[in-house]
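Colleague: I should like to learn how to read the features of a model in order, from single residues to the whole fold. May we go through one together?

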Amino acid sequence: MPTFCNIQRLLWQHRAGAAVALACILSACGGGNGQGLDVNGRPWWESTGGPGSPDSGTGSDGAFNRIQQEILTPDCAMSGCHSSTTSPLGLSLDSGKAYRGLVHKASNQVSGLMLVEPNNADASYLMQKILGTQSGGLQMPLGKPSLSVEKIQAIRQWINDGAKAPVSSPDSGPDSNPDSGDNDTDNPEPAPELLATLSSIQTLVFEQRCTGCHSGDNPLGELDLSNGKSYTQLVERSASIDPQAGTLVSIGDAGDSFLMDKLRGQNLGTIDTPGYLGLRMPLMGGYLDDPTMQVIESWINNGAKDN
């Protein structure tokens, strides 16, 4: 039969063990380094409605300012990606352009979806692209680690809170606030016509649809399609992916040009067969329409001139 002393000893042991367990739990939770928290110690993407100057990006009305600064600019709007004229599918995520390029804009990869549908993050194609659940193209950011949980949650919260416009500071330019009505979409210029010349194809096809991947220090497939380099990279040059693929652009013969096979998605094989020659291009999805490919074919068949 246990004595009173033994019972007391067991109680002290239980209390000590509980204290150790509590200490372990607290240390596991940790205070953190403050990353991703606002001045009040709360995640910055939460719609707190708290204090903050218009250009500080705090509170629900400034959420997109922080998303632009901490996510889109460093992770997406880089040279060769979603920046300026190199933007794949014409989507620029530069500051001053990203908001009106995303919100209420139809996806060019999957019909029926908007890039950002306010109040519905799950139905927004932007969320699918950064989560890797998209049905077209590849997960974003391309060639970089996936966004952190905190960054993904910030975007999700912003969308579900109505995808509110960025707050402009007093010295901001006209593009800072997409709702100001002062932007170049009020009087758009007529779209330039695509001609069967390299300069036209360069401007309207390569730079808008290809150089997001095929440019820079390590272009995809060792193929640089940036201005001033595309001609020597394509014309009478063997495809680096496989010598069996033949010539990228065979002068006077579009049918024998591997470039056209890649654009049309033909003669590439499948991933489970020998000699597989990769995916159809553009890799970002939203394949070129037939009239555009016919113009490129005309350029090749007419001598693939450097014009």
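Colleague: Is Asn 119 buried or exposed?

Modeller: A residue counts as exposed when its relative accessible area is over 50%. Asn 119 reaches 54%, and therefore it is exposed. The structure is a predicted model, so each value here is computed from predicted coordinates. Asn 119 sits in the loop between helix 3 (98-102) and helix 4. Its phi is near 70 degrees, a positive value in a residue other than glycine.

Colleague: Which class of accessibility does Glu 236 fall into?

Modeller: The class between buried and exposed runs from 20% to 50% relative accessible area. Glu 236 has 47% relative accessibility and therefore counts as partly exposed. Glu 236 also has a positive phi, about 55 degrees, although it is not a glycine. Its place is the loop between helix 7 and helix 8.

Colleague: And Gly 62, is it buried or exposed?

Modeller: Buried means under 20% relative accessible area. With a value of 2%, Gly 62 is therefore buried. This glycine belongs to the loop between helix 1 (4-29) and helix 2 (63-75). To place a residue in the fold, one may also take a C-alpha distance to a partner elsewhere in the sequence. Gly 62 and Ala 165 are 103 residues apart in sequence, and their C-alpha atoms are 7.9 Å apart in space.

Colleague: How does Pro 291 read by the two approaches, accessibility and C-alpha distance?

Modeller: Pro 291 is part of helix 9. Its relative accessibility is 52%, so it counts as exposed. The C-alpha atoms of Pro 291 and Leu 194 are separated by 9.4 Å, with their positions 97 residues apart along the chain.

Colleague: Which peptide bonds are cis, as judged by omega?

Modeller: One reads omega for the bond in question. The bond from Met 140 to Pro 141 is cis, with omega near 0 degrees. Pro 141 lies in the loop between helix 4 (125-131) and helix 5 (149-160). Met 281 and Pro 282 are also joined by a cis peptide bond, with omega about 0 degrees. Pro 282 is found in the loop between helix 8 and helix 9.

Colleague: Met 281 leads me to the pockets. Which residues lie nearest the centre of the second largest pocket?

Modeller: They are His 214, Leu 220, Leu 223, Lys 262 and Met 281, out of a lining of 30 residues. The volume of this pocket is about 480 Å³. Helix 6 and helix 8 are the elements that give two or more residues to its lining. By residue type, the lining divides into 21 nonpolar, five polar and four charged residues.

Colleague: What are the surroundings of Leu 220, and with which residues is it in contact?

Modeller: One sets aside the neighbours within four places in sequence. Leu 220 is then in contact with Cys 213, His 214 and Leu 283. The C-alpha atoms of Leu 220 and Leu 283 are separated by 10.0 Å, the two being 63 residues apart along the chain. Leu 220 lies in the loop between helix 6 and helix 7 (230-234). At 37% relative accessibility, it counts as partly exposed.

Colleague: Which residues have the most contacts inside the largest nonpolar core?

Modeller: In soluble globular proteins, nonpolar side chains tend to be buried together. Here the largest nonpolar core has 30 residues, and those with the most contacts inside it are Phe 206, Leu 234, Val 249, Leu 263, Ile 296 and Trp 299. Helix 6 (198-210), helix 8 (258-264) and helix 9 (290-301) are the elements that give two or more residues to this core. A second, separate core has 29 residues, among them Ala 98, Leu 115, Val 116 and Ile 130.

Colleague: With which residues is Phe 206 in contact, leaving aside its neighbours within four places in sequence?

Modeller: Phe 206 is in contact with Leu 198, Ile 201, Thr 211, Leu 225, Ser 230 and Leu 234.

Colleague: How many helices and strands does the protein have?

Modeller: The count is nine helices and zero strands. Of the 307 residues, 39% count as buried. Among contacts with a separation of 6 or more, 48% are between residues 24 or more positions apart. The accessible surface comes to about 17,100 Å², and carbon and sulfur atoms account for 52% of it.

Conventions: Residues are numbered from 1 along each chain as its sequence is written. This is a predicted model: local features need pLDDT of at least 70, side-chain atom pairs count only at pLDDT 80 or more; totals for chains, interfaces and linings use all residues. Side-chain values use heavy atoms; hydrogens and water are left out. A nonpolar core is a set of buried Ala, Val, Leu, Ile, Met, Phe, Trp, Tyr and Cys residues joined through side-chain atoms within 4.5 Å. Buried means under 20% relative accessible area, exposed over 50%, partly exposed in between (1.4 Å probe, protein chains only). Helices (H or I, at least four residues) and strands (E, at least two) are DSSP runs, numbered from the N terminus. Contact means heavy atoms within 4.5 Å. On a 1 Å grid over the protein atoms alone, a cavity is a set of points where a 1.4 Å probe fits but cannot get out, and a pocket is an open set with protein on both sides within 12 Å along at least five of seven lines; lining residues have an atom within 4 Å of a point. Grid points are joined across faces, edges and corners, and a volume is the space filled by probe spheres set on the points. Ala, Val, Leu, Ile, Met, Phe, Trp, Tyr, Cys and Pro count as nonpolar, Asp, Glu, Lys and Arg as charged, and the others, Gly among them, as polar. Accessible areas come from the Shrake-Rupley method with a 1.4 Å probe; for residues, only the protein chains shown count as cover.
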